[in-house]
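Let's take a walk through this model together, one piece at a time. Keep the 3D view open and follow along as we go.

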There are 2 protein chains.
Amino acid sequence: MDNKKIEKISRALSDTSRIAILQEFKKKKDCLYCAEVNDLLDLTQPSVSHHLKQLVDAELLLPKKEGRNLKYVLNQQILNEYIACLNDLKD
Amino acid sequence: MDNKKIEKISRALSDTSRIAILQEFKKKKDCLYCAEVNDLLDLTQPSVSHHLKQLVDAELLLPKKEGRNLKYVLNQQILNEYIACLNDLKD
DNA sequence: TAAACACATCGAAACATTTAAATATTTGAA
DNA sequence: TTCAAATATTTAAATGTTTCGATGTGTTTA
């Protein structure tokens, strides 16, 4: 994972709304619907859409279309790679 | 570690210059002088000072004054706590 | 004490991010 | 095929970030 990718993931994580979204996955067994995120956050629908887009762009979330709903799955692999890079900063 | 702190650390990590600074610590045995960072990055002294400040504000670096020089030490503990929070996102 | 050095702060320009309102798109249901 | 629901995009305002030049502050050395 190169530094540009680390930067991108870090930026995706640098917002309490997006952190809250990711934390919600634990309760929901790693799978969340867009509408559930709308209920979770006190933001308008376009704002939530924007935040989800950033998490998807950083590949932390994988979108899966289900009819007119959108289901998100946590990308554990990229999270593991990111964590490995951080661990690498230590000696 | 609360979400505000996670946000702050993530934001500190969301810049390739700052990532490069942290990576340099590995080569320098976890201790860097401000002037060494100036040589490392192709940025002016005020810009480097700004980046170091963000890393210090996020507590990723601990500053130690040595006469008119400033030495930084990597804060492994806060890095570990941050990594633990990220691991916590997984189930 | 004066000059040089190391680092911080200020001010401003350029650019990016966050948010919401309005609108568009896609899909399912009647 | 028309209507309603779910999500995305556009636009614009407010705010935050990055960078540099100029300058300030504290410390060592001549």
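A good place to begin is a pair of helices in chain B of this predicted model. Here α2(B) packs against α4(B) at an angle of about 70 degrees, and their axes lie 10 Å apart. Angles from 65 to 115 degrees count as roughly perpendicular, so α2(B) is roughly perpendicular to α4(B). Which residues make the contact between α2(B) and α4(B)? On the α2(B) side they are Ser17(B), Arg18(B) and Ile21(B), and on the α4(B) side His51(B), Gln54(B) and Leu55(B). Sorted by class, this contact has two nonpolar, three polar and one charged residues.

Now turn to chain A and look for helix α2, residues 16-27. Its axis and that of α4(A) come within 10 Å and cross at roughly 70 degrees, which makes α2(A) roughly perpendicular to α4(A). In this pair, Ser17(A), Arg18(A) and Ile21(A) of α2(A) meet His51(A), Gln54(A) and Leu55(A) of α4(A). The contact of α2(A) with α4(A) divides into two nonpolar, three polar and one charged.

Leu55 also leads us to the core. The largest nonpolar core has 39 residues, and the members that touch the most others are Ile9(A), Leu55(A), Leu60(A), Ile9(B), Leu55(B) and Leu60(B). In soluble globular proteins, nonpolar side chains tend to be buried together. To see one of these members up close, pick Ile9(B): setting aside its neighbours within four places in sequence, Ile9(B) is in contact with Ala58(B), Leu60(B) and Tyr82(B).

Next, consider how the two protein chains meet. Across the interface, 25 residues of chain B are in contact with 25 residues of chain A. On the chain B side, the elements giving two or more residues are α1 (3-12), α2 (16-27) and α5 (76-89). Which of them gives the largest share? That is α2(B), with seven residues. By class, the chain B side of the interface comprises 10 nonpolar, seven polar and eight charged residues.

With the protein chains in place, we can bring in the DNA. Strand C is surrounded by 22 residues, the closest being Ser47(A), Gly67(A), Cys34(B), Ala35(B) and Pro46(B). At least two residues of the surface near strand C come from each of α4 (45-57) of chain A and α3 (34-40), α4 (45-57) and β3 (69-74) of chain B. The largest share, five residues, belongs to α4(B), the helix that also packs against α2(B). The surface near strand C divides into eight nonpolar, nine polar and five charged residues.

What about DNA strand D? There, 23 residues surround the strand, and the closest are Cys34(A), Ala35(A), Pro46(A), Ser47(B) and Gly67(B). The elements that each supply at least two residues near strand D are α3 (34-40), α4 and β3 (69-74) of chain A, together with α4 of chain B. By class, the residues near strand D are eight nonpolar, 10 polar and five charged.

Let's finish with one residue of chain A's β3, the strand where Val73(A) has its place. Is Val73(A) buried or partly exposed? Being buried would take 20 or more other C-beta atoms within 10 Å; Val73(A) has 14, so it is partly exposed. Its C-alpha atom is separated by 6.5 Å from that of Pro63(A), a residue 10 places away along the chain.

Terms used
Residues are numbered from 1 along each chain as its sequence is written. Chains are lettered from A and ligands numbered from 1 in the order in which they are written. This is a predicted model: local features need pLDDT of at least 70, side-chain atom pairs count only at pLDDT 80 or more; totals for chains, interfaces and linings use all residues. A nonpolar core is a set of buried Ala, Val, Leu, Ile, Met, Phe, Trp, Tyr and Cys residues joined through C-beta atoms within 7 Å. A residue is buried if 20 or more other C-beta atoms lie within 10 Å of its own, exposed if 12 or fewer, and partly exposed in between; C-beta atoms are placed from the backbone. Two residues are in contact if their C-beta atoms, placed from the backbone, lie within 7 Å. Helices (H or I, at least four residues) and strands (E, at least two) are DSSP runs, numbered from the N terminus. Ala, Val, Leu, Ile, Met, Phe, Trp, Tyr, Cys and Pro count as nonpolar, Asp, Glu, Lys and Arg as charged, and the others, Gly among them, as polar. A residue is near a molecule or strand if its C-beta atom, placed from the backbone, lies within 6 Å of it. Axes are lines fitted to C-alpha atoms, for helices over the stretch in contact, and angles run from 0 to 180 degrees between N-to-C directions. Angles under 35 degrees count as roughly parallel, over 145 as roughly antiparallel, 65 to 115 as roughly perpendicular and the rest as oblique.
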